Amino acid sequence: MIKKAPHESFYSEFTSFVRRFNQEAMLVAVAQRALSLPGNFGMDNRGDRALRATPPWALAAVAKAAIVHGNAHRRAVPRERDLVTACHMHNTLVAPELDVPELNSAFAILARLAFEQFPYYERGLPELARPVAFFDDYSCRKSLEVISKESMRELVGADMVTAAGIVLMLATGAEINDGYFNPGWLDQINFAELLAELPREEILAVVNSLFAWDMDQFRREDAEASVRTPLPHLDRYAFNPLTSRPFVRLSDGRLIAPVPQLIPRRLTPLASAFHGSRDLGCPAGR
């Protein structure tokens, strides 16, 4: 039987704590906290108290636990100290994998930490220049079987230049609106100039193709990933669907990104290549 120190928590205790609270209220609290963190997670901010107490990977784990294990019928609304407690429980989870010889090497430990934390250190917005060059401006020195402007438009929902502009709009909107993007905003008169540059149909196509899903879809993706890649002893490091689609559709139709830092990352060449390999059914480099 695995034992724990007094300051440690089992993963089941962590998810049980998170599910005490109203599901959507927890996602809103997570988004607000994520937006309060410093924009750069580098060495210059390693002493930031909010970042140490609620790192973005822990906030993403809290959001995942709320979606997968929570429900909309809980009445309790999380306070700041509840969110700090949840992140502390995640940061001090019992590590049963250290008792498994093939999982307790220094390399295995560092690989898990990199998988858990690296996506949040990526500078997503500067990366948005790369997919255009990578996918749209290919030199054609070698004929490709799959990649073309037409196939990428089908995959993404728009050409790469337009898609990059839509990502900037989504990231900016989430940053100034507590993580929200409401498709209904597109009907407002103040969006007229934006819609002259970014057509409404393409905005919605990109959002639905790459960025958003409802909670049932989120749970199905999580369940399928756990079957596709079983990770015994590694609940903490299991796939988080937020890294695939950072927005979740709420009951009123609005979208919320619990960890807005993940929004620009969704269109990076690496994420697009993975998305293409899965949805086009072949390696995206062909």
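Select Arg 219 to begin: at 27% relative accessibility this residue counts as partly exposed, a class that runs between buried, under 20% relative accessible area, and exposed, over 50%, as computed with a 1.4 Å probe on protein chains only. The model is a predicted one, in which local features need pLDDT of at least 70 and side-chain atom pairs count only at pLDDT 80 or more, while totals for chains, interfaces and linings use all residues. Residues are numbered from 1 along each chain as its sequence is written, and side-chain values use heavy atoms, with hydrogens and water left out.

Now add Asp 216 to the selection, whose side chain meets that of Arg 219 in a salt bridge at 2.7 Å, N to O; the term stands for a side-chain nitrogen of Lys or Arg within 4 Å of a carboxyl oxygen of Asp or Glu. Both residues lie in helix α13, three residues apart, about one turn of the helix, where helices are DSSP runs (H or I, at least four residues) numbered from the N terminus. Asp 216, at 43% relative accessibility, is likewise partly exposed.

Stay on helix α13 and move to Asp 222, which forms a salt bridge with Lys 64, the closest N and O atoms being 3.2 Å apart. This pair links distant parts of the chain, since Lys 64 belongs to helix α4 (residues 56-69) and Asp 222 to helix α13 (residues 215-228), 158 residues apart. Is each partner buried or exposed? Lys 64 counts as buried at 9% relative accessibility, and Asp 222 also counts as buried, at 15%.

Next, select Glu 80 and Arg 33, whose side chains meet in a salt bridge at 2.6 Å, N to O. Glu 80 sits in helix α5 (residues 80-91) and Arg 33 in helix α2 (residues 23-36), so the pair ties together parts that are 47 residues apart in sequence. Glu 80 is exposed, with a relative accessible area of 55%, whereas Arg 33 is buried, with 13%. By the rule used here, the count of salt bridges comes to seven.

Finish at helix α12, residues 200-211, whose twelve residues reach 15 Å from the first C-alpha to the last, close to the 16 Å expected at 1.5 Å a residue, the expected span being 1.5 Å times one less than the number of residues. Within α12, colour Glu 202, Ile 203, Val 206, Val 207, Leu 210 and Phe 211, which are buried. Seen down the axis of α12, these buried residues fall within an arc of 135 degrees, so they line one face of the helix; the arc is that of the directions from the helix axis to the C-beta atoms.

Terms used:
Helices (H or I, at least four residues) and strands (E, at least two) are DSSP runs, numbered from the N terminus.
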